[in-house]
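Subject: Handing over a structure

Hello,

I am passing a structure on to you, with the sequence alongside. Please have a look at it first, and then read my notes below.

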Amino acid sequence: MPLEKFAEGVWLASAPQKFLGWQVGTRMTILKLGDGSLLMHSPIGLDDSLKSEIDALGPVGHIVAPNVFHHLYTADAMKAFPDAKVHGAAGLRKKRPDLRLDATLGNQDEPAWRNDLETLRIRGTLFDETIFWHKSSGTLVNSDLIENFETADDWWTRFYLKAGGIHGKVGLSRMVRLAFRDRKRARRDIDEVLGWDFDRIVMAHGDPIGSGGAEAFRETYAWLRG
């Protein structure tokens, strides 16, 4: 799947992906940093064509495995871009001891992206996900914290969407909400994210949101206050 420009300094590439038989797809985000380097968020499988497109944008300085589920193609990305610094969720050190993690994600102040990005580890969930805010484009970048499906051709995937209450709407499936084990702690972090100035959202599963993202994110997490 070719790269698509989503916003200034933001490119996306999507790929098929199944989870429990559901065809939910997955997505990689490429962010341009102020020093001219690229950040590769949640890598997908890379063929020669996609790698060439990425190379044309600039050198890949950072590879990010944002949570304990989005790591499948990290090793492939490391082979393709061996000079990149690899950042991963803390839980991956145990789950994927084969991966070389140069930095553990969290509320860290990575010098290379200090002026370009804000990051926050969303606590209280099984995802152990760190969410990214690309300041210049007003884009929130995440993997599993919000979904946006109009529908699905596959009946089993439609069942997932309807049963989860997210068929044809932005939200978070009722099944996925079960991953939130400490709602009070998660709510504090989500509230901090809602204080950021973003309008767009990129997620791994479903269609990216080009505008109105802050309100969509707020509505997605109204259940945390229930």
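Here are some notes on the nonpolar cores and the salt bridges. Please keep in mind that this is a predicted model.

Let me start with the inside. The largest nonpolar core holds 32 residues, and the members touching the most others are Ile131, Leu140, Phe180, Val193, Phe217 and Tyr221. Two or more residues come from each of strand 11 (130-134), helix 4 (155-163), helix 6 (183-193) and helix 7 (213-220). Helix 6 is the top contributor, with 3 residues.

Leu140 is a good place to zoom in. Leaving aside residues up to four places away in sequence, its contacts include Ile131, Trp133, Val193, Trp196 and Phe217, and also Arg200. There is also a second, separate core of 23 residues, with Ala13, Val60, Val68 and Ala84 among them.

Now to the charged pairs: there are 10 salt bridges in the structure. Three of them are described here.

- Lys5 and Glu8 meet through their side chains at 3.2 Å, N to O. Glu8 is exposed at 61% relative accessible area, and Lys5 is exposed too, at 52%.
- Lys135 pairs with Glu118, with 3.7 Å between the closest N and O atoms. This bridge links distant parts of the chain, 17 residues apart: Lys135 sits in the loop between strand 11 and strand 12 (139-141), and Glu118 in strand 10. Lys135 is partly exposed, at 31%.
- Glu215 and Arg218 form a salt bridge at 3.9 Å, N to O. Both are in helix 7, about one turn apart.

Enjoy exploring it!

Best wishes

Key:
Residues are numbered from 1 along each chain as its sequence is written. This is a predicted model: local features need pLDDT of at least 70, side-chain atom pairs count only at pLDDT 80 or more; totals for chains, interfaces and linings use all residues. Side-chain values use heavy atoms; hydrogens and water are left out. A nonpolar core is a set of buried Ala, Val, Leu, Ile, Met, Phe, Trp, Tyr and Cys residues joined through side-chain atoms within 4.5 Å. Buried means under 20% relative accessible area, exposed over 50%, partly exposed in between (1.4 Å probe, protein chains only). Helices (H or I, at least four residues) and strands (E, at least two) are DSSP runs, numbered from the N terminus. Contact means heavy atoms within 4.5 Å. A salt bridge is a side-chain nitrogen of Lys or Arg within 4 Å of a carboxyl oxygen of Asp or Glu.
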